[in-house]
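Colleague: Please take a close look at one part of this model, the side of chain A that touches chain B. Which elements supply it, and what kinds of residues does it hold?

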Amino acid sequence: MAVYKQQELRKPPISQVGIVRWLRVNLFSSKVNVGLTFAALYMLYILIPPLLNWMIFDANFNFGEFSIFGFEFGEVMATNTNCGRSAACWPFIYEKFDMFVYGFYPRDLIWRVDIVFAMAASLFVIVRLARNYQHKNKVLLAMIIAFPVVSFYLIAGGSFGLEEVKTHQWGGLMLTLVIASVGIIISFPIGVLLALGRQSNLRVISFFSTIYIEFIRAVPLITILFMASFVLPLFFTGGVDFDKLLRALVAITLFQAAYFAEVVRGGLQAIPTGQYEAADAIGLNYVQKNALIILPQALKISIPNLVGSSISLFKDTTLVLIIGLMDMLAMVNMTANDINWLGRETEGFVFVTITMWIFLYSMSRYSKKLEVRFSTDHKN
Amino acid sequence: MKKDNSLLSFINNNETRAIAFQVITLLIIAFVFYSGISNLMFNIEAREIHTGFAFLSNRAGFDINESMIAYTPEHSNLRVFYVGLINTLVIAVVGIIFATIIGLIIGIARLSNNWLISKLATGYIELFRNIPILIQILIWYNMALLTLPSPKGSFNFFDSIFINKRGVYVPEPVIETGFVWVLIAVVLGIVLAFLLKRHFKQKHDKTGVYTRTVGYSIGLIFGLPLVVFFLLGSPLHFDYPTLTGFNFQGGRTFSPEFLALAVALSVYTATYIAEAIRSGIEAVDKGQKEAAAALGLTQTQSLKLVVLPQALRVAIPPTINQYLNLTKNSSLATAIGYPELMSAFGGTVLNQVGQAVEILGMTMAVYLVISLFISLLLNIVNKKMSIKGR
């Protein structure tokens, strides 16, 4: 009787499994791809090592003496001269860190700004924790109203026994965040009103809303900033003292409102006519109809685009540098003009770029996430 | 039925209310305008600022180092406006061309089946899209000033293009008499190629016989002008830049400001164009390609007749919008001093003359016109490309 012995399973060819297969499929699937892969690798070889050398390996991280658990580390902090010019000098950023974050804000008062930062951070945590809480909308609304008010009194001071800090002392990342958040918070309701105005049946209102929105969207922000800083004060008779920051805020708010209006209009147009008709049928008036039926739905579907528009606003805040506000970008030249740290613009630019990039990248990730969460099609 | 004429029903009447609201809005707007403008007039008089457009014909008195048209400080402020306008258009056109090229490459690379290439393209988009354009402009500008050599040690390409701290020097074409005939030949070539194409398309529609016209078209568009060019004895020569002393003479110069602006604008805008192109290509259903193959279309035909028309319908409108954004962003040249409209006219002239309302009004009007023009273009494109319903 023949004895059948089970043959051992042969292993799949080495080129069909594991990393080799992955490489074959993803990098070397055709002659063209082989060429492209090597070209890309060569490009990375040209770009990455010098960059890493400049930023990390050859760079100076000598932040001065410090001790952990009684062990002493480091030596005397590096200065501009012993840093060298061929690589980054991070002690410069270390020393000027406060300038980049707070500008000329009085050093003994920066705890007030820190409290605002901490509040903002805890706000995010609370929003996440309160997700399933029954009255989360009320909590949210209360915080959205309370936070700016408290922040304003903390940063500006002048009451509740807090020393006043004039706006020309505000600067750095703090100023960027102030402008962006004030711009977003104030321009949003204006934008909603403009969107409703544009969609309105009342000819006059719709006409002026449309003209406003289209005009603002057609011109660059910088022209509006210039208008605000040169012409706006002329519109008021003496006594009204417009400080620079307020002018910038007015310009940015008016600018952003038009963009928000277009986003909200997109949301309004996506609401089926039946919703309007149903609201009319149960006898709601215009305000009730929009506040209870239309806007909740329209705003919800516009959320991803509202975030996207806010990202643009955040990018645009850098423009206030041109009308002389001391935002983070302005600090690059300001700090590199320090007699002890002449010519360190590059480090400043890299630091500011990385900071802004982190903010913008996380915001854009967030908006992508929202887009997926709110998308109702069945693509995936 | 009894007609109710009471005051209450008059107040509650929708039409009455609509009219009332509109009248109130009009009154508020009129009041804001009136008080604003009367204050403006008062303040302008109090500060002894001139009004009107007389300043346009005054002597400008400052130099502009980069101009497409002849300009000296003796020219008028109006001339500065034209110089700035032309420079804005130049930077916009250059930026649009390069942004489109980079955007196309990156957009297609993102969909590559090569993992490394598609990851690099994604990295490019995520990196440059999330850095504000103003920072990018300043970084490129500082990099150009820091890393480029002095005129003596400039990078030399074929003894005709030189790159150094002062800018890029390229040969300038000098047009001689008779060159206009070459231009006419170009136009004629394009028209002829178009007519030829139409003729063969009609033939294709009628008889089903397909004729390739690419060769003829290239011959007509490029060959015809070339023949004319040489028949007229090459009415065009190049003025090469040469190093004399410490600087280059002759040729055309592009300043570091121009380069930084052009690079930053095209690199930044390209990220948006790349995304538009990617979404356009992804919007075409796989079944479309398969159907085209099933009909027996060749690869090229399928691409030209089935895939591209559908992909472009999605990709072109956002791309045109980005062209407008690029043009608007070019006004950030103010930060580095490239003399385009906002910088030369809205900045320098404004500082000298002080008539902010007139000057900023003119500047805004230009952007408004550009924007209207692009909206018009967009409408035409949308109408042309919209799906023809049955």
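Modeller: What follows starts with the contact between the chains and then turns to chain A and the nonpolar cores. The model is predicted. Between the two chains, 40 residues of chain A are in contact with 42 residues of chain B. Four helices of chain A each supply at least two residues of the side that touches chain B: helix 2 (31-57), helix 8 (203-218), helix 9 (221-230) and helix 14 (345-374). Helix 14 of chain A gives the largest share, nine residues. By class, this side of chain A has 28 nonpolar, nine polar and three charged residues.

As for the chain that carries this side, chain A has 14 helices and two strands. Its radius of gyration is 28 Å, well over the 21 Å that the globule rule gives for 380 residues, so chain A is more spread out than a compact globule. The C-alpha atoms of chain A fill a box of roughly 100 × 75 × 45 Å along the principal axes. Of its 380 residues, 30% count as buried.

The largest nonpolar core has 137 residues, and Met174(A), Leu225(A), Ile137(B) and Leu261(B) touch the most other members. Helix 8 of chain B (residues 256-283) contributes the largest share of this core, 14 residues. Leaving aside neighbours within four places in sequence, Ile137(B) is in contact with Ala260(B), Leu261(B), Ala264(B), Leu332(B), Ala335(B) and Ile336(B). A second, separate core of five residues includes Ala185(B), Leu220(B), Leu224(B) and Val228(B).

Conventions. Residues numbered from 1 in each chain as written. Chains lettered and ligands numbered in written order. Predicted model: local features only at pLDDT ≥ 70, side-chain atom pairs only at ≥ 80, totals over all residues. Contact = placed C-beta atoms within 7 Å. Nonpolar A, V, L, I, M, F, W, Y, C, P; charged D, E, K, R; others polar. Rg over C-alpha atoms; globule rule 2.2 N^0.38 Å. Buried ≥ 20, exposed ≤ 12 C-beta atoms within 10 Å, placed from the backbone. Core = buried A, V, L, I, M, F, W, Y, C linked by C-beta atoms within 7 Å.
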